[in-house]
Amino acid sequence: MRQGSEMSKPTTNAGPFFPRDRNWHPPALSPNYKTSVLRSPQKALLSLGNTISETTGPVFGHNMLGELDHDLVQNYAKPGESAQGERIIVHGHVLDEEAKPVPNALVEVWQANAGGRYRHKKDGYLAPLDPNFGGCGRVITDENGYYAFRTVRPGPYPWPNGVNDWRPSHIHFSLFGSGFAQRLITQMYFEGDPHIPLCPIVRTINDPAAIEMLVAKLDMNHSVPMDARAYRFDIVLRGRRSTMFENRMEGN
Amino acid sequence: MTKLEYLKESPSQTAGPYVHIGCTPNFIGNTGIFKEDLGARMVNEQTRGQRITIKGRVFDGTGTPLKDAMLEIWQADSEGLFNSPSETRGESDPNFTGWGRQPVNLDSGEFCFETVKPGAVPFPDGRPQAPHINFWIVARGINLGLNTRMYFPEEEVANAADPVLGRVEHRVRVSTLIAKQSGDTYTFDIYIQGDNETVFFDI
């Protein structure tokens, strides 16, 4: 990763991040998502204005990427073969809350295969594995904050929460900005999926407008004729304040 | 009229039980996609500073260790500089990443980081912060990653003056942020919920 000359040096400002709106994010305790009951803190979070420990963070160089890291159709497939399922391109911009592009942001994704089965030793779902699909990819945004993956649309799958709960089709996203306080993991859903309003994990989010941010839109303009459809998914990370008027020693 | 227009941050969702597929694929045997798991190694032979090992487990509200959690740490190098473009005070140790990522063991729930002890870094008002390591914890059942800090038990004087620890109103909870030491190994157990609940931060 970014050691020595590999490290990229964008001219980002180094100020503190905008506070997180924790009414917009899902609360820690969301009892309909049962696992959250015992995995949610009961005491209040201690608010900490950012120090340099939070405003800094790792930034990764494009040269850490392999040739097929962004192509899940190919990156686990045997030569001459490819993953089964609906071929799609997932693309968009990573922006901050001021709508400025976030360049050099590492975007990692993982997902089930077309039948809803994960390549994970703990997934016992009876739908079969696809021998040509691994389910992970990564990409680093360009100078405009743009990223793109190629993959197959994941299937919905059942999970032991309610007696008949099914996850909507979704792709997990992990994001790095330029500071550790921007770290974010979320999930992308697909426009029109009737499972979205039924899902207890989706519904850990209280605001319908927040849920809408996680629903990728069918993007026919970027579909590749006779090959793959496209979905557009923009992601927003925390914005940063300038440091011009921070308190200094003499102010205290 | 000026209108304030900001985008909202994308809302968080749980990392789920299969976070390894995307973040540490080699750890679960999904090899051949990425050469090695990102964040698995923080140091090399040339890294400056005192080598330390950090171990621990993450417990739920019944005292049961999580077996599907993933942790990331972020810290300064031994001189107190961060390996980040946002570091404006100088060049950090080029042989130290400052960032580590480890899943917990699928059977025991234990995590383990090989790193170096960080130097002190300043608080925004210029006072020193005691040496510390930032933790970020995600797992099934955690809707938004949990942020905490690990401090060092042998840094009693620095810890007593630390501006962040000083903000913990219920002093009995300060000890939840301080690791236990045995030689160069530190144990930092994290309690998500209950009597010994770890202090988590809104950063």
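1. Let's start with chain A, which is built from two helices and 12 strands. Read along the sequence, its elements come in the order β-α-β-β-β-β-β-β-β-β-α-β-β-β. With a radius of gyration of 20 Å, close to the 18 Å that the globule rule gives for 252 residues, chain A is as compact as a globular protein of that length. Please keep in mind throughout that this is a predicted model.

2. A few overall figures for chain A may help you get oriented. The C-alpha trace spans about 65 × 45 × 35 Å along its principal axes. Of the 252 residues in chain A, 55% are buried. If you take the contacts between residues at least 6 apart in sequence, 72% of them join residues at least 24 apart.

3. On the surface and charge side, chain A exposes about 11000 Å², and carbon and sulfur atoms supply 55% of that area. Chain A carries 27 positive and 26 negative side chains, with the centres of the two sets 7 Å apart.

4. Now to chain B, where you will find two helices and 12 strands. From the N terminus on, the order in chain B is α-β-β-β-β-β-β-β-β-α-β-β-β-β. The radius of gyration of chain B is 18 Å, close to the 17 Å from the globule rule for 203 residues, so chain B is as compact as a globular protein of that length.

5. The matching figures for chain B go as follows. Its C-alpha trace spans about 60 × 45 × 40 Å along the principal axes. Buried residues account for 62% of the 203 residues in chain B. Among contacts in chain B with a separation of 6 or more, 66% come from residues 24 or more positions apart.

6. The accessible surface of chain B comes to about 7900 Å², and 48% of this belongs to carbon and sulfur atoms. Chain B has 19 positive and 27 negative charges, and the mean positions of the two groups are 2 Å apart.

7. The aromatic rings deserve a look too: over all chains, the structure holds 20 aromatic pairs. One of them joins F60(A) and W99(B), whose ring centres are 5.4 Å apart and whose planes stand at 80°; the pair is edge-to-face because that angle is over 60 degrees. This pair crosses between chains: F60(A) lies in the loop between α1 (52–55) and β2 (87–96) of chain A, while W99(B) sits in strand β3 (residues 99–103) of chain B.

8. Are the two partners of that pair buried or exposed? F60(A) has a relative accessible area of 0% and is therefore buried. W99(B) is buried as well, also with a relative accessible area of 0%. The cut-off for buried is under 20%.

9. Within chain A, there is a cluster that you may like to display: ring pairs link Y147(A), F149(A), F173(A) and F233(A).

10. Finally, a word on R171(B), which is found in the loop between α2 (156–161) and β9 (180–182) of chain B. Its relative accessibility is 49%, so R171(B) counts as partly exposed. Which residues does R171(B) contact, leaving aside its neighbours within four places in sequence? They are L165(B) and G166(B). As for T97(B), 74 residues from R171(B) along the chain, the C-alpha atoms of the two are separated by 33 Å.

Methods. Residues are numbered from 1 along each chain as its sequence is written. Chains are lettered from A and ligands numbered from 1 in the order in which they are written. This is a predicted model: local features need pLDDT of at least 70, side-chain atom pairs count only at pLDDT 80 or more; totals for chains, interfaces and linings use all residues. Side-chain values use heavy atoms; hydrogens and water are left out. Helices (H or I, at least four residues) and strands (E, at least two) are DSSP runs, numbered from the N terminus. The radius of gyration is taken over C-alpha atoms; the globule rule is 2.2 Å times the number of residues to the power 0.38. Buried means under 20% relative accessible area, exposed over 50%, partly exposed in between (1.4 Å probe, protein chains only). Contact means heavy atoms within 4.5 Å. Accessible areas come from the Shrake-Rupley method with a 1.4 Å probe; for residues, only the protein chains shown count as cover. Lys and Arg count as positive and Asp and Glu as negative; His and the chain ends are not counted. The place of a charge is taken as NZ of Lys, CZ of Arg, CG of Asp or CD of Glu. Rings of Phe, Tyr and Trp (its six-membered ring) pair if their centres lie within 6.5 Å; planes under 30 degrees apart count as stacked, over 60 as edge-to-face and the rest as tilted.
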